[in-house]
Amino acid sequence: MSTTSLAAAPDKPRAREQRSPALSRLTPGPVVAITLSILGLFAIYSTCTALWAMWTTDPLKSIGGLVPLVSLLLILRAWRSLDWEMRGTWWGLLILAATIALVHLRDQAVIEFVLSPSWSIVLPPYSLVTLAYTVGAVLLFGGVRLLCTALFPVVLMWFVNPVPHFFNRFVDLPLQHASAVIARGFAHTLGQSLSPDQLRLMFTPQFGMFIAPGCNGLRGAVTMGFIALIAGYLYRFRRRNWILITAAAILLGYVFNFLRLTLLVIYYLIALHIPWLRSRAEMGDYILGACLFFAATILLFTLILRWNPQHDLRIPPLPAPANRSPESSLSPRSVLFRTIAFALLIALGSISYARAIIHAPSSSQATGNPIALFPQHIGSYTIERQWNETLTTGPVVFYWADYAPAGGGPLISVGVSPVLGAHDTLICHAARGDDWLWHGSLALATATVPTSFSVSLFNTGATQYLEAATVCAATACGQYSTDRRHFGFIYSHPDPHALLAQSPSRPIPILLRAETLNTALTPDEARAQLTDSLRHFLAGANLAEFTQPYRRP
C-alpha cells in the first residue's frame, strides 16, 4: 500500500508541469493578435451593427449574441493547447481583405438573392461574413494547424444568426398554431369552454391568454440544442452520441414548452377562482418557464453525464498536438509583417465608417420635422399629406408623402429612407408573409434620365398596389432584377467614386407606390394601369430632389 501511494504521488506535480508551459508561453504576440482581431470588427462595422440590432430586437435570435463570445473562448482554448504558436499564413490576410471588400460593396449597393416568392437573402449573408472573418483571423495568426484544432468553434460563428429568415414563416408560425391547438385541446379536456379565436384562449370575456410566437417552444429548443452541441464538443462525444444528444435536447425543449402551456392553462383555471392571481398571470408564466427550463437543463446534463466517456462533468483537456514544429522554424519578422499588414487593412476598411459616425446627424436633426424635405409639386402632382414610418423601438425608417394628380386619379406615395442604406423592400414583405403576384425590373423615364426600378405587384384582398423600388447613390439611381421563375437576383450598381474615396455617404432607397381599390382587375390589368400612373408621375420627377436633403458630405 505504501509503495503504491509513493509511486503515484509524483504524478500530480508532473501533470502541473505539463500544463504550465502553455501559460508561460503566452507572449505579447497572441495578445496583439487577439486585440487586433477584435478591433478589426470596426472594418465590418455595418455587419456588426446589423447583427446587434437583430440580437436586441428579435427575441428568437437573441441567443446568437452569445455565439461570438463562446466561439472566441473555445478558439483561445484550442490555441492554448498549441502553446500559442503563431505560424500563420498570408492566405488569412487575403480572406480578411476579400471579406472587408465585400461588406463595403454591400454597403454601397443592393445585392440580394431571391427565392420566389417569400425568401430573400442579402449577399453576402451576415453569417458568412462572420465565418470568413474568423477563418481569416485564425489563419493569419495561428495558421492551418490552429484552424484544424479549432474547427468547431470557427464553424460555430455561422450561427450568429441562429434561426434563418425562412424559419419565421415555415417553422415559427406553424408551431405557434400547433401550440395553440394543444393548449386549447387541454382546456377543453378539463371542461373549460373557450372563445372561437384560434390563437386566444379567453376563459372569460376579459381574462385569457394569447398564444404568441414566443410560446411555440422554438426559443427553448434552439437554446437547448446549442447547449448540447457545445457540450458534445467539450466532452468529446462520439459523433453518433453527439448527434443523438443534440436532437434529444431540441426535442426536450419542445416537450417542456408543451408542459409549460398545460401548466399555464391550469394556472388560468385556478385564477378563475382566485382573482388575486389574474393580474399576476404574466409573472406566473415567466416563473413557470424559468423553472421548467431549469429542470430541462438538469435533465440534459444528466444525459451528458451518462453518455460522457469519463462519466464526469469535468471538461477533459484537449489532446496534446502531434508533430510539434521546432522552435527554430518560427519567423518573428513574418509575424511582425503580417500584424502590420492587418493593422493597415483595418485602418483602410474603417475610414468610411469613421467618417459616417463623425458626419452622422444629431439627435435633433434625426427627430426633426421632415415636412419641408419633400418637394411641394412634382409636375402636375401636388403633395397631399406626409407621415413617418417608424420601428416599434422608435427610429424613423421611412419618410412618406402622398402626391395627388391635378385632374384626379390614383395617389402616388413616395418613401425615402436615409437610414437603411442599400436595402430592398422585398425582404420586408417576405418577413410579413406577403406574396407578390408579379415581380420584375422596369425602366421608367424621369424628368432627367431613365431609371431602372425593381417592381412588385401585390393583392391584399382589399387593394392591389404596385411598388417600385430603386436606390440612389449621389445623383445616379437604379435597381435591377433578373428575369426568373423561381429564383434570381436583385442588385444595383455601386458608385465607384464612393467606394474608392471611402465616402461616408450611403445609398438612399426610394420607394414609389400606386394603389387601386379595384380588386376585380386581373394582375396584368392592374399592373398595366398602375404602371401608367407611376410613369405619368415620374415624367415630371427628379429623384435627386428627394435624396438631396439626406446626402452626407
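Lys 61 is a bit of an oddity: the residue is buried yet makes no salt bridge. The closest side chain of opposite charge belongs to Asp 58, and that one sits 4.4 Å away. A salt bridge needs the side-chain nitrogen within 4 Å of a carboxyl oxygen, so the Asp 58 pair doesn't count. Bear in mind that this is a predicted model.

Where does Lys 61 sit in the chain? Look in the loop between α4 (45-57) and α5 (67-81). What does have a polar atom of the Lys 61 side chain at 3.5 Å is the backbone oxygen of Val 163.

Now for the strands. Here are the pairings, side by side:

| Strand | Partner | Sense | Bridges |
|---|---|---|---|
| β9 (residues 438-445) | β10 (residues 450-459) | antiparallel | eight |
| β1 (residues 111-115) | β14 | antiparallel | five |
| β13 (residues 480-481) | β14 | antiparallel | two |

Take β14 (residues 487-491) to begin with. Which of its residues are on the covered face, and which on the uncovered one? Gly 488 and Ile 490 make up the covered face, while Phe 487, Phe 489 and Tyr 491 are on the uncovered face. Tyr 491 is a handy landmark here: Ile 111 stands opposite this residue, and Tyr 480 has Tyr 491 as its bridge partner too.

As for β9 and β10, these two strands form a hairpin, with four residues between them. If you want to find the pairing on screen, go to Ala 445, which faces Pro 450 in β10.

Methods:
Residues are numbered from 1 along each chain as its sequence is written. This is a predicted model: local features need pLDDT of at least 70, side-chain atom pairs count only at pLDDT 80 or more; totals for chains, interfaces and linings use all residues. Side-chain values use heavy atoms; hydrogens and water are left out. Two strands pair if DSSP finds at least two bridges between them. Buried means under 20% relative accessible area, exposed over 50%, partly exposed in between (1.4 Å probe, protein chains only). Lys and Arg count as positive and Asp and Glu as negative; His and the chain ends are not counted. A polar contact is a pair of N or O atoms within 3.5 Å; within protein, one must be able to donate a hydrogen and the other to accept it, and residues adjacent in sequence count only if both atoms are side-chain atoms.
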